[in-house]
Amino acid sequence: MITSYKTKVAIADDCHITRQLLRNHLKGIPEIKVVIESSNGKILLDEIRKTPPDIVLMDVIMGTMSGIETTREIRKINPNIKVIGWSVHCNKNTIIQMVQAGAISFLDKDSKLKQLRECICSIQKIGYYDNKYLTHVMRENIMALENKDLNTYDNAVLTDGEIHLMQLIGSGKNNLQMADELSVCLRKVQSDVRNLCDKTNTGNIAMLVKYGVRNGIIPL
């Protein structure tokens, strides 16, 4: 029996042009139907509660709510919804954070649109996508925990640099002071602090410090 079911896809990206490009590409694929387009995580969650998709194509860096935080909330709302991380930020930590949050796959925004279609169809059909890039990162950074630059606390994998940053925060230094000590720009410190809060599932500096104390990272 031939089925006419279309995989329901939600697109979450803060760039209007990117959303338009994705929508135009996916609407030409018979087995896929775009049911939600959202510019940030908060809007996406509201839409998902009304119209649950099968798959979410999730931008990692968005305003209001990051893709990492949004993915965690999706898992609470409906664990059957599958999330594909989608970003230009394809460093190891970003991918690990997305997978820990609940993403089932991860694609570079530079990936060909053909690969996006293959990913969506594979996940809908067999439940996963054999992404060699993702597999390599996971094998190197989660399975091989003997890597000296990685440390696991409360299911979060932290680098030595992230631990040092948390200790600086715990010592009472502000962002400008940390930027001076680390010899980086203020914007990078601000971004790293936000990412560290996302990675540890803490919402603010106070909660991050409590996390550090609880795990023995920040001395009492």
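The paragraphs below go through two nonpolar cores, two helix pairs and a few single residues of a predicted model.

Residues are numbered from 1 along each chain as its sequence is written, and side-chain values use heavy atoms, with hydrogens and water left out. Because the model is predicted, local features need pLDDT of at least 70 and side-chain atom pairs count only at pLDDT 80 or more, whereas totals for chains, interfaces and linings use all residues.

The largest nonpolar core has 21 residues. Such a core is a set of buried Ala, Val, Leu, Ile, Met, Phe, Trp, Tyr and Cys residues joined through side-chain atoms within 4.5 Å; buried means under 20% relative accessible area, exposed over 50%, and partly exposed in between, with a 1.4 Å probe and protein chains only. The members that touch the most others are L44, I48, V56, M58, I74, V83 and M98. Two or more residues each come from β1 (7-12), α2 (41-50), β3 (55-59), α3 (67-77) and α4 (92-101). Helices (H or I, at least four residues) and strands (E, at least two) are DSSP runs, numbered from the N terminus.

Leaving out residues up to four places away in sequence, M98 touches M58, V60, G67, I68, T71, V83, G85, A103 and F106, where contact means heavy atoms within 4.5 Å. S87 belongs to strand β4 (residues 82-87) and is buried, at a relative accessible area of 0%. With the same sequence neighbours left out, S87 touches D59, V60, F106, L107, D108 and K109.

Apart from the largest core lies another, of 18 residues, including A156, M166, A179 and I217. I217 sits in the segment after α10 (205-214) and is buried, with 4% relative accessible area. Beyond residues up to four places away in sequence, I217 touches Y153, L158, I163, M166, Q167, Y211 and G212. Its C-alpha atom is 9.2 Å from that of Y153, a residue 64 positions apart from I217 along the chain.

M166 also takes part in a helix contact, in which M166, I169 and G170 of α7 meet I205, L208, V209, Y211 and G212 of α10. By class, this contact has six nonpolar, two polar and no charged residues; Ala, Val, Leu, Ile, Met, Phe, Trp, Tyr, Cys and Pro count as nonpolar, Asp, Glu, Lys and Arg as charged, and the others, Gly among them, as polar. The axes of α7 and α10 come within 10 Å and cross at roughly 115°. Axes are lines fitted to C-alpha atoms, for helices over the stretch in contact, and angles run from 0 to 180 degrees between N-to-C directions. The two helices, α7 and α10, are therefore roughly perpendicular, since 65 to 115 degrees counts as such, under 35 as roughly parallel, over 145 as roughly antiparallel and the rest as oblique. Their crossing is left-handed, meaning that the near helix is turned anticlockwise from the far one by less than a right angle, with clockwise giving right-handed.

Helix α7 (residues 160-170) also packs against α8 (residues 175-182), at about 135° and with axes 10 Å apart. This pair, α7 and α8, is therefore oblique, and α7 passes α8 in a right-handed crossing. H164, L165, L168 and I169 of α7 make the contact with M178, E181 and L182 of α8.

Two loop residues have an unusual backbone sign for a non-glycine: S183 has a positive phi of about 60°, and N201 has a positive phi of about 60°. S183 lies in the loop between α8 and α9 (186-199) and is exposed at 66% relative accessibility. N201 lies in the loop between α9 and α10 and is exposed at 55%.
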